[in-house]
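Trainee: I've got a model open and would like to talk it through. Can we start with the vocabulary?

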Amino acid sequence: MPTVAPLDLEGHCVAAVFLGHVPHFALADGAVHRLDNGHKTVQANDGLLAAFHDAANDRLITGGEDGKVFAVKAGGETQEVANAGKKWITSVAAGPQGAIAYATGKTAFVRFTDGKTREFAHPRSVEGLAFSPKGMRFGVARYNGATLHFPAAEGKPVDLEWAGAHTCITFSPDGAFLVTTMQENALHGWKLSDGKHMRMSGYPGKVKSLSWSVKGKWLASSGAPAAIVWPFSGKDGPMGKAPLELGTRGNAMVTAVACHPSQDVVAVGYDDGMVMAVRFSDAKEVLLRRPGKGAITAMMWDREERRVAFGSAAGDCGVIDITA
């Protein structure tokens, strides 16, 4: 049975990540806790609204009610990288070349590594941000679709329309597909080469967590009593194909998913605090953590593939060692 090192905190856990080999837990009050030869804490934002794990640069990007964007590194070093005055920072993302995007109201900003910033205005509020893994472009989730920008060039943005409120956005690891979560219980996707639509509906709840498998062949999602895992290996993504339903429980909803770094396995977190690992090929399940306090809101595997950091809506955080 895997062992769990608990960290009992107060408040909603927005992000649970490994920076270097150290687990970090960012809470809604803006404090970032880490287990680094004991429990240590740094204060980033005054009220945390958004966080993004910048894997390429081994840092956590945070944005909050104080209008500031911070970069937090493994040793607790915290640097303010942007400031929007008194406006709330509602979404953050980081790109492969070290650029950072953040949003406030109807405006998205991109801050380049040289410190220059460009702003991109939209007719409605910006709900989600993501950089493409290839090339310098980023996507904005908004009302009635998504917009693709090319911040390093002067080209026109590309608008991808689909009626409804789009709240979160992600590119596939190969950059071929763009997927958004919606205010209704659905995902929507576009094949970027030809703009073809992909409808992924039928969820009983809202999708709040997405995770791509290692080579981008699968997209795992929350929002149902199982992890709903869509196949993206074909040229048209999941169109005409049924998703896998992994870790089904009749009495609990999946609230967080985190795909394994190298294998077709997903860690599944539930609204009662339970965590399971499930294999795609045969749906074999391993219990990683028994139910606890609060719905699981954040999870991440470490680089050695033996630990999972998790956090809950009640501040019930910790690290699962699957090799123990």
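Mentor: Sure: contact here means heavy atoms within 4.5 Å. Keep in mind that this is a predicted model.

Trainee: With that cut-off, which residues is Leu60 in contact with, leaving aside its neighbours within four places in sequence?

Mentor: Contact needs heavy atoms within 4.5 Å. Some partners come from the stretch Ala51, Phe52 and His53, and others are Ala15, Val17, Leu19 and Ala26. The list ends with Phe70, Ala71 and Val72.

Trainee: Which residues touch the most other members of the largest nonpolar core?

Mentor: That core has 23 residues. Leu60 is one of the residues you want, and the others are Cys13 and Phe25.

Trainee: And which strand gives the most to this core?

Mentor: Strands E2 (13–19), E3 (22–27), E8 (68–72), E28 (296–301) and E30 (316–321) each supply at least two residues. One of them puts in six residues, the most of any, and that's E2.

Trainee: How many residues are in the other core, the one with Val229 and Cys259?

Mentor: It lies apart from the largest one. Val257 and Val268 are also among its members, and the count is 16 residues.

Trainee: Zooming out, why is the chain as compact as a globular protein of that length?

Mentor: Fold first: the chain has 30 strands and zero helices. For 324 residues the globule rule gives 20 Å, and the chain comes close to that, so it counts as that compact, with a radius of gyration of 19 Å.

Trainee: What share of the residues counts as buried?

Mentor: Buried means under 20% relative accessible area. Out of 324 residues, the share that passes is 54%.

Technical notes: Residues are numbered from 1 along each chain as its sequence is written. This is a predicted model: local features need pLDDT of at least 70, side-chain atom pairs count only at pLDDT 80 or more; totals for chains, interfaces and linings use all residues. Side-chain values use heavy atoms; hydrogens and water are left out. Helices (H or I, at least four residues) and strands (E, at least two) are DSSP runs, numbered from the N terminus. The radius of gyration is taken over C-alpha atoms; the globule rule is 2.2 Å times the number of residues to the power 0.38. Buried means under 20% relative accessible area, exposed over 50%, partly exposed in between (1.4 Å probe, protein chains only). A nonpolar core is a set of buried Ala, Val, Leu, Ile, Met, Phe, Trp, Tyr and Cys residues joined through side-chain atoms within 4.5 Å.
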